[in-house]
Amino acid sequence: MLSCEQVVGVPVTLYGDLKNQFVETNVGFDTVCKVNSQLISNVCIDALSAEKYYYFIRLMGRHASHVAAECALQSHPNMLILGEEVALSKLTLFDITKQICDAVQARAAKDKYHGVILIPEGLIASIPELYALLQEIHDLQDQGISTDDISSHLSPWATALFQFLPPFIRKQIETEKLLAQLVEKEMSNRMKEGTYKGKKFNAICHFFGYQARGSLPSKFDCDYAYVLGHICYHILAAGLNGYLATVTNLKNPVNKWRCGAAPLAAMMTVKRHSRAPGAIPIGKPAIHPVSLDLKGKVYELLRERATSFLMDDLYRNPGPLQFEGPGSEAKTYTLSVEDQDYMGRMKMLQEYLDKVKSIVKPGVSQDVLKAALISMASVTEVLSVMTMPSFNGHQPL
């Protein structure tokens, strides 16, 4: 009989930010990226046809830029603004505006007055001054101050930034519209100063969220969800509690997927939060969203192609979702370029350990025994250092 108190998890999120050594991708990410990529590609073709508009497209991703990065690799827009890059380089709103304007001017030099720019939903929280402004606004709202009175309670620098923002942005910051207006203003200034001699800049803004959220699931997500559901049954039947159903080796055909389960606690990290200035930080374990890895293969692939995407209009249209034929088996670049088969590697390690046991047994020569001892001592020492909390940058529970 199954217990009514058992808790079993499934990795499902549209943003693709639930990733760790046990979870390669999330149910929903494949669908969202494929649907959005087709929409973006349609816009790219329209931009190329009209030759007079820059499209600013905001995509889902509150904490990370996984969706935007994957869609860029599938559809090849001219520019991609990554929140992780902005946060790492501490780019200001002015810096981002200048980058876009410089790109627009460079394309104008080649007689190109159109383009497509992707923006992740969470970009606004990566811009230092806007993030600080939002924090002040949220703090004031927590104190019960009404929205209409907030501007009079902001600090001097926050007030200056708040007044700088366009009136329509102050109530709800729509990043794509904010950037489009700032770029339009800067290009107009450059035209007046004579540093830009091209045509007038024109922008059109989109937010792609509900279209993908309401789509039929892709074949990959159907298969993935079906397998995870089957694993959940076995977890419950085994009487386990606090586990997440996992599947690895996902970039290969379904018959090579490896099923398993991992404790939810093994995926948690601790972040310390202070409820008020001067208060003692409280450590709270949780499964935190994972940002796009700026040292990973996906980012490396984006950087390699950034210049050609910007200048050469290499727009790609992957088409609609396919449920039969070769196109139906297509996987995301995010999944395909990474080597993440955790369970497969664990199995391989066990095979090596078993092989060592079969070789080094009573009766083996002194030389073989000595070589084994030296090798195992060295491996143990290296692994001990690598698993220390300070090495991984994690705080102990």
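Start with helices α4 and α8 of this predicted model. Select residues 93-108 for α4 and residues 175-193 for α8; their axes come within 9 Å and cross at roughly 60 degrees. The two helices are therefore oblique to each other. Their crossing is right-handed.

Now show the side chains at this crossing. On the α4 side, the residues that meet α8 are L93, I96, T97, K98, I100, C101, D102, V104 and Q105. On the α8 side, the partners are L178, L179, L182, V183, E186, M187 and R190. Sorted by type, the residues of this contact are ten nonpolar, two polar and four charged.

Next, select a second pair of helices, α5 (residues 128-142) and α6 (residues 156-164). Their axes are 10 Å apart, and the helices pack at an angle of about 110 degrees. That makes α5 roughly perpendicular to α6. From α5, the residues in the contact are E129, L130, A132, L133, E136 and I137, and they meet W157, A158, L161 and F162 in α6. This contact holds eight nonpolar residues, no polar ones and two charged ones.

Leave the helix pairs and turn to the sheets. Strands of a sheet pair through backbone hydrogen bonds, either parallel or antiparallel.

Select the four strands of the open sheet with the order β3-β4-β2-β5, where the pairing is parallel. At the edges stand β3 (79-80) and β5 (203-208); each has a single partner strand, so one side of each is left without a neighbour in the sheet. Go to the β3 edge and add β4, residues 115-120: two bridges pair these strands in the parallel sense. Here L80 can be found opposite L118 in β4. Then add helix α1 (residues 29-50), which packs on the sheet and touches β2 (54-59), β4 and β5. The direction of α1 makes about 170 degrees with that of β2.

The next stop is an open sheet of three strands, in the order β1-β6-β7, with mixed pairing. Its edge strands are β1 and β7, each with a single partner strand, so one side of each is left without a neighbour in the sheet.

Select β6, residues 243-248. Is this strand mostly covered or mostly uncovered? Strand β6 is mostly covered, with five of its six residues buried.

Work outward from β6 to each partner. Strand β1 (residues 8-9) runs parallel to β6, and two bridges join them. In this pairing V8 stands opposite Y243, and G9 stands opposite L244. Strand β7 (residues 258-263) runs antiparallel to β6, and six bridges join these two. Label L244 again on this side: its opposite residue in β7 is A262.

Add helix α10, residues 219-237, to the view. Helix α10 packs on the sheet, touching β1, β6 and β7, and its direction makes about 135 degrees with that of β6.

Finally, show the whole chain. How many helices and strands does the chain have? There are 15 helices and nine strands. The C-alpha trace spans about 90 × 60 × 50 Å along its principal axes. The chain has 397 residues, of which 41% count as buried. Among contacts between residues at least 6 apart in sequence, 72% join residues at least 24 apart.

Conventions: Residues are numbered from 1 along each chain as its sequence is written. This is a predicted model: local features need pLDDT of at least 70, side-chain atom pairs count only at pLDDT 80 or more; totals for chains, interfaces and linings use all residues. Side-chain values use heavy atoms; hydrogens and water are left out. Axes are lines fitted to C-alpha atoms, for helices over the stretch in contact, and angles run from 0 to 180 degrees between N-to-C directions. Angles under 35 degrees count as roughly parallel, over 145 as roughly antiparallel, 65 to 115 as roughly perpendicular and the rest as oblique. A crossing is left-handed if the near helix is turned anticlockwise from the far one by less than a right angle, and right-handed if clockwise. Contact means heavy atoms within 4.5 Å. Ala, Val, Leu, Ile, Met, Phe, Trp, Tyr, Cys and Pro count as nonpolar, Asp, Glu, Lys and Arg as charged, and the others, Gly among them, as polar. Two strands pair if DSSP finds at least two bridges between them. Buried means under 20% relative accessible area, exposed over 50%, partly exposed in between (1.4 Å probe, protein chains only).
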